[in-house]
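Please open the structure in your viewer and keep the selection tool at hand. The tour below goes from one selection to the next and says what is found at each stop.

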Amino acid sequence: MVKFIADSACDLKEYPGICFETVPLSISTDERNYTDDEALNVHEVLDYLETYNNRSYTACPSIDAWMKAFEGADEIYCVTITSGLSGTYSGANVAREQYLEQHPETKIYVVDSLSTGPGMVLLLEKLAELKSQGKSFEEVCAAIEKYRKRLKLYFSLSSLHNLAQNGRVSKLIASAIGFMNIKILGTASKEGTIEQVGKCRGNNRMIDKIIEQLKENGFTKGKIRICHVECLEFANAVADKIRSIFNCADIKIVPARGLCSYYAERGGIILGCEC
Ligand code: X90
């Protein structure tokens with residue numbers, strides 16, 4: 001049996017047609033602990049965090065959770081959130097090593113997305129496609145590494161509070177936004193860390209900036225995946241503008257699950273595309 005596994009930063013809960021499972025990260029404060037599983041009520045978590053004035057944290061999935069997800073499969077492909085910002089990738093590899101000691105015949109490949117949400121979705125879709133074409137384990141591993149180089153990730157955020165609090169962006173960058181409707185446009189660096197592209201005020205200017213970036217990166221007609229944190233209307237507006245400018249029909253939008261919602265915060269969107 002071939003199995004596809006991703007951590008919950010991929011924002012998908014199911015993937016019809018393949019054997020797919022997600023492994024949850026967690027979000028916590030000193031009072032509460034939320035597991036980013038299928039049952040998590042993201043809206044409630046966001047409400048709670050808005051009223052909670054103390055520190056909050058996240059943690060990567062346990063080794064055990066990965067090992068459980070591996071059970072029963074012969075060939076496994078895992079996609080993780082970027083190793084540049086999370087220990088998830090290295091955790092999955094520890095689980096892989098341990099699992100292989102007991103099940104040396106199993107094939108497991110862990111892909112470091114160097115990205116999150118929509119970037120992970122594009123990798124999962126490519127893995128599923130490669131397998132449906134009957135490619136061998138070795139062929140899939142080589143092809144996915146090549147495909148990853150074609151992917152770009154952008155994100156428009158209205159607040160960097162949680163990213164700064166957890167040391168994922170500098171407090172200086174974070175303090176420059178979050179008021180007067182100022183938003184930041186960022187991208188994933190080659191190392192899978194956060195890079196600022198620009199700042200602007202309001203949704204319309206942000207949409208223009210995103211289009212500008214897509215053009216600069218040579219985007220023409222590839223797939224686009226978007227996740228949003230309680231701002232479907234904004235995500236739709238971005239998608240409509242992209243459709244009107246590029247010859248691009250394959251755009252899908254999903255709500256972010258817990259981990260991306262926590263870091264991208266309300267009003268944030270993350271966009272992954274093939275260039
Ligand atoms: O291990 C952990 O506790 C998880 C840490 C995750 C940290 C960052 C998640 C960011 C999610 C924000 C914008 C996208 C940035 C992606 C750059 C590669 C969403």
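Begin by selecting strand β13 and showing its side chains: Ile269, Leu271 and Cys273 point one way from the strand, Ile270, Gly272 and Glu274 point the other way, and all of them are buried. β13 is thus a mostly covered strand, with six of its six residues buried. Please keep in mind throughout that this is a predicted model.

Next, add the strands that pair with β13. On one side select β8 (151–157), which runs antiparallel to β13 and is joined to it by six bridges; if you label Lys152, you will find that its bridge partner in β13 is Cys273. Then select β11 (224–228), which also runs antiparallel to β13 and is joined to it by five bridges. Here the residue to label is His228, which stands opposite Ile269 of β13.

Now widen the selection to the whole sheet, which is open and consists of six strands in the order β10-β9-β8-β13-β11-β12, with mixed pairing. At its edges lie β10 and β12 (251–255), each of which pairs on one side only. If you look along the sheet, neighbouring strands are turned by 20 degrees against each other on average, when direction is ignored. Towards the β10 edge, β9 and β10 pair in the antiparallel sense over seven bridges, and one pair to look for is Thr187 with its bridge partner Glu195 in β10.

From the sheet, move to helix α8 by selecting residues 203–216. How far apart should the ends of a helix of 14 residues be, at 1.5 Å a residue? The expected span is 20 Å, and the end C-alpha atoms of α8 are 20 Å apart, which agrees.

Colour the buried residues of α8, which are Met206, Ile207, Ile210, Ile211, Gln213 and Leu214. When you turn the view to look down the axis of α8, these buried residues fall within an arc of 160 degrees, so they line one face of the helix. On the face turned away from that buried side you will find the exposed residues Asn204, Arg205, Lys215 and Glu216. What covers the buried residues of α8 includes the strands β8, β9 (182–188), β10 (194–201) and β13 (269–274), together with helix α9 (232–245). Before leaving α8, select Gly218 just after the helix, where phi is positive at about 75 degrees.

Two loop residues come next, and they invite a comparison. Glu230 is in the loop between β11 and α9, and it has a positive phi of about 55 degrees although it is not a glycine. Glu265 lies in the loop between α10 (258–264) and β13, and its phi, near 65 degrees, is likewise a positive value in a residue other than glycine. Is each of these residues buried, exposed or partly exposed? Glu230 is partly exposed, with a relative accessible area of 37%, whereas Glu265 counts as buried, at 13% relative accessibility.

Finally, zoom out and colour the protein by its domain assignment, which gives domain 1 (2–25 + 60–148) and domain 2 (151–274). The centres of the two domains, taken over C-alpha atoms, are separated by 24 Å. To see where the domains meet, select the contact between them, which takes 24 residues from domain 1 and 24 residues from domain 2.

Key. Residues numbered from 1 in each chain as written. Predicted model: local features only at pLDDT ≥ 70, side-chain atom pairs only at ≥ 80, totals over all residues. Heavy atoms only, no water. Helix = DSSP H or I, 4+ residues; strand = E, 2+ residues; numbered from the N terminus. Expected span 1.5 Å × (residues − 1). Buried < 20%, exposed > 50% of the residue type's maximum accessible area, 1.4 Å probe, protein only. Arc of directions from axis to C-beta. Contact = heavy atoms within 4.5 Å. Pairing = 2+ DSSP bridges. Axes fitted to C-alpha atoms, helices over the stretch in contact; angles between N-to-C directions. Domains from an automatic or database assignment.
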